[in-house]
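This briefing introduces the structure displayed below to a reader who has not met it before. The topics are taken in turn, beginning with the strands and ending with the contact between chains.

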Amino acid sequence: MSDHLVQRVASATPPKLARRIRGVSDRTIAWLFVTPTIFLLLAVNIFPLIWTIRLSLTNFRTNRPNNPVEFVGFDNYRKILTNPDTWASLQATAHFLIWTIVLQVVIGFTLAYLINKKFRGNDLWTTLIVLPMMLSPAVVGNFWTFLYQPQIGLFNYFIEFISGVDPASFSMIGDVSLAPWTIVLVDTWMWTPFVMLICLAGLRSIPPSIYEAAECDRASKWRQFWTITLPMALPFLMLAVLFRGIENFKMFDLVVQLTGGGPGATTLLTSIDLKREAFEKWRTGFASAYAVILFVTVFGLASIYVKALNKVKDR
Amino acid sequence: MLTRAFLAAVVALGFSAGAAQAKDLTLCWAAWDPANALVELSKEYEAQSGNKMHFEFVPWTSFADRMLNELNSGGKLCDLMIGDSQWIGGAAENGQYIKLNDFFDANKIKMDDFIPATVVGYSEWPKNTPNYWALPAFGDVVGWTYRKDWFARPELKTEFKAKYGHDLAVPATFDELKQIAEFFQNRDIDGKKVYGASIYTERGSEGITMGVMDVLYSYGFKYENPDKPYDMEGFVNSANAVKGLEFYKSLYDCCVPPGSSNGYMTEGVDAFKSGQVAMQMNFAFTWPGFNTDANVGGDRTGYFANPAGPNGEKFAQLGGQGISVVAASDKQDAALSYIKWFAQPSVQAKWWKLGGYSALRAVVEDPGFATSQPYAQTFLDSMAIVKDFWAEPSYATLLQSSQKWFHDYVVAGNGTAKQALDGLVADWHATFEEDGKY
């Protein structure tokens, strides 16, 4: 800010207010600005977390206000960790998480690499590719439910077209072995554009001069990719993995709409399981323990990952 | 002049007093055809009482989530609630509905005037005791619809008789029902491939449980030992119950349209109206819609109550709801006045005419009732054989267990029927143990 501008602001400040803030230190002013944010953070993040931990040690049920609330120690945690259904649900979540991340990163990066080349219609293609991620997950779930319908769905007819299999002979969302892949496929369709955009930002941040230098050194395109493009885009790729990992760990609406957690419990992700415990069975204490376990898991994994990300960035 | 001013003041006072008494009442229910009929019916109440009715209707898929959340949080959105029959236990024990005994006595509303099964199912907690928390509002039950016009085709009748040795007609037993379903499965009718039956398979809420139970009861399934409450071993997983569950799976495996792995009421309606299936399992509330439908309406559709199991037993899954006054409401007196109005025989008769299933005996036992609609007799037959799911405060946990085990066996094909029912007994036992029932 120029001195002239400072003088203008000072002269425009009402004398009363100027008198009032005169003598207040920078530190105090900083606290004045930060305090509301801290209170907000405490109110919406820290307090609910502490309250959840407290509830997780009790048998409290929201729908039984008249029942005495008893302290049960770590009993809820023991029940969760020894329950085979919980482990099955974690397994389903891991399957979903790993495959969506692998597919989205590979396809997203490939698309970004191709889009990054200068060609006619580049912007149009980018817009078309990002369209799926602009839709609501519930709408996408509903839309794909129809696509997967054996009788009227285009997906089964596409499979028939390339393989000759009768479209009415298999149901993507009704088959135990296919259903976990149906949700992977839809999520990949919807969120690969997001990964692509992050990768595109990464690729466009690489200065052209580096490639020019590599050209002068007669480095092949393949070598340029392995030694320049991939290492320099890696922090962006890792960021995309972090975002998608966190998002997909809490995936709910899309899967509920597509399969309802079935067939059986093959697509019963932890978020759906947790919601049922908390808001259908109303086992609040139990669900709180479940939430704490998931929180610790995600927090732990994310912390390790962010450390690795920082290392890559600082390289 | 003075007299005129005095009169004007009296009239103004009268109006203001009337305005002060008028209440805005909100009635909460599911978003479906009967709810629209109730809006129409309630206009009469508004005109009589001066109270204004508002309606909060939520789609069935999120009805329980939304409304139980409202009740559990002590919300004041709903003054009147038409809640599911399974909610009664929890709502009564947790003080979410007001008890109606004194109100019924004071207004001479007798529970004997209603279909007994609906009183037990929708109003009583504990069951079979004279403690009333709701007035039976909408009688409903799972039954079947069938393509009467297909059943009447001479060539199909001949072929069926030659194959099975008896007439192609409304099935008397579940075995016959399966024969008919097999007969129609993948058959070409009027150039279109059709299928045997649409049954409940939905995983997320209560669908497959309502479907499986509808069959299990008639095969001999019992929730508990009649002499020892909450003793389920040998009753829930009896040999006959195992056969019933195996039957349901066999029906799913042989005779449903492709892709029917997660279907409930809406999917059943769609399958039947679009002419895909010969028979369809669904709650009775869907029947008026079929009756007037352009594709399957009129004589093209017939209705029948649940057929008998292998030992001749015949039961059906109860649906439907009672109307209750929400304890958190500040307008309980006005809400009670709505129930008083709704309980009148003339209003109940009009309710039936508009498409609502009245549970008042004066309506359903009227000599003209059985012939008033093509499905009226089937409704009566079905209501006479109903059984309901647990109405315990933990019903949601019990329901989630049955959803999991039934879907895992019937749709996903995991394990055996015996394993599924044994697992169900173990889960239900654990739930009741947590509730301190043992």
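**Briefing on chain B and its contact with chain A**

Strand β1 (residues 24-30) of chain B runs parallel to β3(B), and two bridges join them. The model described here is predicted. The points below treat the surroundings of β3(B), then a helix of chain B, and then the interface of chain B and chain A.

**Strand β3 of chain B and its partners**

- On the side of β1(B), Leu27(B) has Leu80(B) of β3(B) as its bridge partner.
- Strand β3(B) is also joined to strand β9 (residues 316-325) of chain B, here by five bridges, and these two strands run antiparallel.
- Within that antiparallel pairing, Asp84(B) finds its bridge partner in β9(B) in the residue Gln321(B).
- Strand β3(B) covers residues 80-84, and five of its five residues are buried, so the strand is largely enclosed by the rest of the structure.

**Helix α6 of chain B**

- Helix α6(B) spans residues 116-123, and its residues Thr118(B), Val119(B), Gly121(B), Tyr122(B) and Ser123(B) are buried.
- These buried residues of α6(B) pack against two helices of chain B, α4 (88-93) and α17 (376-383), as well as against the strands β4 (135-147) and β9.
- Strand β9(B) therefore appears twice in this account, because it is bridged to β3(B) and is also packed against by the buried residues of α6(B), whose burial rests on a relative accessible area under 20%.

**The interface of chain B and chain A**

- The contact draws 31 residues from chain A and 29 residues from chain B.
- About 2,400 Å² of area is buried between the two chains, and carbon and sulfur atoms give 40% of it.
- Of the area that chain B buries against chain A, 21% comes from Asn72(B), Asn94(B) and Arg203(B), which is more than any other three residues supply.
- Six salt bridges are counted between chain B and chain A.
- One salt bridge is formed by the side chains of Glu434(B) and Lys79(A), at 3.4 Å from N to O.
- Polar contacts across the interface of chain B and chain A involve 13 residue pairs, with both residues at pLDDT 80 or more.
- On the side of chain B that touches chain A, α3 (60-72) and α18 (395-410) of chain B each supply at least two residues.
- Helix α18(B) gives the most to this side, with six residues.
- By type, the residues of the side of chain B that touches chain A comprise 14 polar, eight nonpolar and seven charged.

Technical notes. Residues numbered from 1 in each chain as written. Chains lettered and ligands numbered in written order. Predicted model: local features only at pLDDT ≥ 70, side-chain atom pairs only at ≥ 80, totals over all residues. Heavy atoms only, no water. Contact = heavy atoms within 4.5 Å. Buried area = accessible area lost by both parts, 1.4 Å probe. Salt bridge = Lys/Arg side-chain N within 4 Å of Asp/Glu carboxyl O. Polar contact = N/O pair within 3.5 Å; in protein donor to acceptor, adjacent residues only side chain to side chain. Helix = DSSP H or I, 4+ residues; strand = E, 2+ residues; numbered from the N terminus. Nonpolar A, V, L, I, M, F, W, Y, C, P; charged D, E, K, R; others polar. Buried < 20%, exposed > 50% of the residue type's maximum accessible area, 1.4 Å probe, protein only. Pairing = 2+ DSSP bridges.
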